[in-house]
Amino acid sequence: MSLARLVERLLQLIPVLLGVSVIVFVMITLTPGDPVDIMIGDEIVTEEQEEAMRRDLGLDRPVHERFLVFLGNAVQGDFGESFYHGRPVADVIAERLPATIELTLVAMIIALVTAIPLGVLAAIKRNSILDRIATVGSLLGVSLPGFWFGILLIMLFAVQLDLLPVSGRIGYAFEIEPITHFMLIDTLLRGRPDAFLDALSHIILPAITLGLPMTAILMRVTRASMLEVLRQDYVTFAEAKGLARHRILFRHALKNALIPTVSVAAIETGSLLGGNMIVETVFGWPGLGRLVVESIFVRNYPLVQAAVLLYAVTYVMLNFFADILYTVLNPRVKL
Amino acid sequence: MTDALLEVNGLRTVFDTRAGTVCAVDGVDATVRRGECLGVVGESGSGKSVTFASVMGLVRPPGRIEAGRILFEGRDLRALSPRQMRAIRGRDIAMTMQDALTALNPALTVGEQMAEMMEAHDESLPASRGARRRAIAERSAEMLGLVGIPSAGERLRQYPHEFSGGMRQRIMIAIALASRPKLLIADEPTTALDVTIQAQVLELITDIRAELGMSVVLITHDLGVVAEHCDRVMVMYAGQVVETGPTADVIGAPRHPYTKGLLASIPRLALRGQRIRPIEGQVPELIDLPPQCRFYSRCPERGPECLRPVEMHDAGEGREARCVRVVPEMVS
Ligand SMILES: Nc1ncnc2c1ncn2[C@@H]1O[C@H](COP(=O)(O)OP(=O)(O)OP(=O)(O)O)[C@@H](O)[C@H]1O
Ligand code: SF4
Ligand SMILES: [Mg+2]
């Protein structure tokens, strides 16, 4: 990929992000409910006090002005104060982000290591029992609602079998001084394998729940592209050369079949972001997704705006990354 | 026949489709002798590729070999295990595919696709890894040079899409020849090439054939190529062999009306480079064929006696034709 093309692709992101910020801003402003009312709650305040609050938060100014202020600050990385926390939005988000990233990565790893072998097997053993089970399973995987599946897992593994914890990132008994802010890594760095196992037992159910739709989709993509590739002339030619079966399957077929899988995986990671809100809420996971849900309930505008913008940037960047990956993996495509 | 390298008897290969069972190859007998070049001609869809894919054991579902015996050096290939068959494929019998543009793997370098062939079959390679790699690289470059690809050393690191169609065709042939097989099945090896390179590639195959005593099956639409390079020719029609014999005899005096039709459509002197032009009429659908001569609807010599299954008739001088009109020629 040439540098000019890369820059061009990056510049294309700007209008997308601008559009997203307008939409986010408008939507949240139009949502019924007034943040000041919610903050006041049942307390008794005078009209002047309420006015002052509004002024402090900048809510007395017209909508378009508020948008421009928001945008101007956002470009400088300033998303304002979180109404609720009384601290800069950026700080609050930064605090919650590692938990979300960790959960997303684990979900992704689980999806990749189960989906690819299953997809390959289903393709090789086409129409076998295994293939059928995998097909039905993947259909369920994309169609089951995440919160329902999550609750099901909690009922089974946490409540019935009492094998895994219901919620949180790690047991309260463990005090782990953060280094990377990734619990699984920090526990190991601090030399606490017991804490690591505890963190692992906390992350496993939410990660499976979050990764389930991605697993299902990736399995289907892998199976389909593997079947497609196995039909190709170059596979027949490889067989005509008398190569070993594993070489034909893995070197000749899989290398080509994984090109769509990897691209879809990169794009699907974006959709994990959406899943995060539900999964984190169901499993009480202290990440960004749950923070956003909470913030929506209390009309914490600045935080929701910043978070959604962050989601959008990540999503767009992942697509961009998927494109680059596709070119790198596929020697035929020259950009 | 003791000098037969490959002997196919009563081969029947079918494809199960929604419309019914397509009988792509129906009772084909073929013999390839050591060192000989057998030309295989026939209209598109006559079963040339499927016949030799069956020999290689490369018929995929929905296709299957229903009957027949395939003897290679006296061994029945159909009775071999997949592992035994893999040892024969590539090393003893190599094949080039009809479509060179899709036969090379787009994600692997040409060098790797060449090297894996040698890795799989060449026992004479040195054992130490470094020496082995060097030997393979050297041999690969030599093979590419042989098929007329300049600066072969660098080009081994390139991917198929970086080569022209003609070059890819030659690379495929170089790969097939890399392990010096006893039999090369070349499915339309010259279709994508311009005339000069065509000649070079055929020269090359002929040279190596002479040098190694290799046998060649040359599937082609080009009767000129057959005339020039093949010792014997086998004409196929609708899944059957309709005529076989020494090339010069068959082309000089065809016995089967179909062969006659093929040759009549080509001006004698312009034989070279001529493609087979279809004769009037349609090749019959290969599903539920009536028990009669398959060429019946298109045959100028047809008669009521042709409305039953027609066997191969001995036409004398090692020739055979599937036609009721054929009788052994009286030779003085
Ligand atoms: N995968 C398949 N499914 C169904 N029928 C098939 C399949 N492959 C081949 N056939 C049938 O086999 C017949 C013979 O095909 P084959 O490729 O051997 O012809 P050919 O003589 O090599 O023709 P060409 O000159 O076009 O290469 C075709 O007419 C087709 O009906
Ligand atoms: S058997 Fe009859 S129909 Fe068939 S080729 Fe001979 S003459 Fe023609
Ligand atoms: Mg063919």
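**A friendly note on this two-chain model**

1. Let's start with the metal. The magnesium ion (ligand 3) has two protein donors, Ser49(B) through its OG atom and Gln98(B) through its OE1 atom, at 1.9 to 2.3 Å from the ion. The pair ties together distant parts of the chain, 49 residues apart: Ser49(B) belongs to helix α1 (residues 48-56) of chain B, while Gln98(B) sits in the loop between β6 (93-96) and α3 (100-103) of chain B. Please keep in mind as you read that this is a predicted model.

2. Are these two donors buried, partly exposed or exposed? Ser49(B) has a relative accessible area of 28%, so Ser49(B) is partly exposed. Gln98(B) is also partly exposed, with a relative accessibility of 39%. For both, the range that matters runs from 20% to 50%.

3. Next, look at ligand 2. The space that ligand 2 takes is the largest cavity. Around ligand 2 you will find His256(B), Pro257(B), Cys293(B), Tyr296(B), Cys299(B), Glu301(B), Arg302(B), Cys306(B), Cys323(B), Val324(B) and Arg325(B). How does this shell divide into nonpolar, polar and charged residues? Seven are nonpolar, one is polar and three are charged.

4. One residue from that shell, Pro257(B), leads us to helix α11 (residues 257-264) of chain B, because Pro257(B) is among the buried residues of α11(B). Six of the eight residues in this helix are buried, so the helix is largely enclosed by the rest of the structure. Besides Pro257(B), the buried residues include Tyr258(B), Thr259(B), Gly261(B), Leu262(B) and Leu263(B). What do the buried residues of α11(B) pack against? Their partners are two helices and two strands of chain B: α9 (223-229), α10 (247-252), β9 (232-237) and β10 (240-246).

5. A charged residue in a loop also deserves a look. Glu36(B) lies in the loop between β2 (20-33) and β3 (37-41) of chain B. Why does Glu36(B) count as buried? Its relative accessibility is 7%, and buried means under 20%. Setting aside neighbours within four places in sequence, Glu36(B) is in contact with Thr31(B), Arg209(B), Met214(B), Ser215(B), Val216(B), Asp231(B) and Arg232(B).

6. Now turn to chain A. Chain A has 13 helices and zero strands, so reading its elements from the N terminus gives α every time. The C-alpha trace of chain A spans about 85 × 55 × 40 Å along its principal axes. Of the 335 residues in chain A, 42% are buried. Among contacts in chain A with a separation of 6 or more, 72% are between residues 24 or more positions apart.

7. Asp198(A) makes a good example from this chain. Asp198(A) is found in helix α9 (residues 193-230) of chain A, and Asp198(A) is buried, with a relative accessible area of 19%. Leaving aside neighbours within four places in sequence, Asp198(A) is in contact with Ile170(A), Gly171(A) and Phe174(A). Gly171(A) is 27 residues away in sequence, yet its C-alpha lies 6.7 Å from that of Asp198(A).

8. Finally, go back to chain B and find Gly165(B), in helix α7 (residues 165-177). Gly165(B) counts as partly exposed at 25% relative accessibility. How far is the C-alpha of Gly165(B) from that of Val327(B)? The separation is 46 Å, for residues 162 apart along the chain.

Technical notes:
Residues numbered from 1 in each chain as written. Chains lettered and ligands numbered in written order. Predicted model: local features only at pLDDT ≥ 70, side-chain atom pairs only at ≥ 80, totals over all residues. Heavy atoms only, no water. Donors = N, O, S within 2.8 Å, 3.2 Å for Na, K, Ca; no water. Helix = DSSP H or I, 4+ residues; strand = E, 2+ residues; numbered from the N terminus. Buried < 20%, exposed > 50% of the residue type's maximum accessible area, 1.4 Å probe, protein only. Near = heavy atom within 4 Å. 1 Å grid on protein atoms, 1.4 Å probe; cavity = no way out; pocket = protein on both sides within 12 Å on 5 of 7 lines; lining within 4 Å. Sits in = over half its atoms within 2 Å of the grid points. Nonpolar A, V, L, I, M, F, W, Y, C, P; charged D, E, K, R; others polar. Contact = heavy atoms within 4.5 Å.
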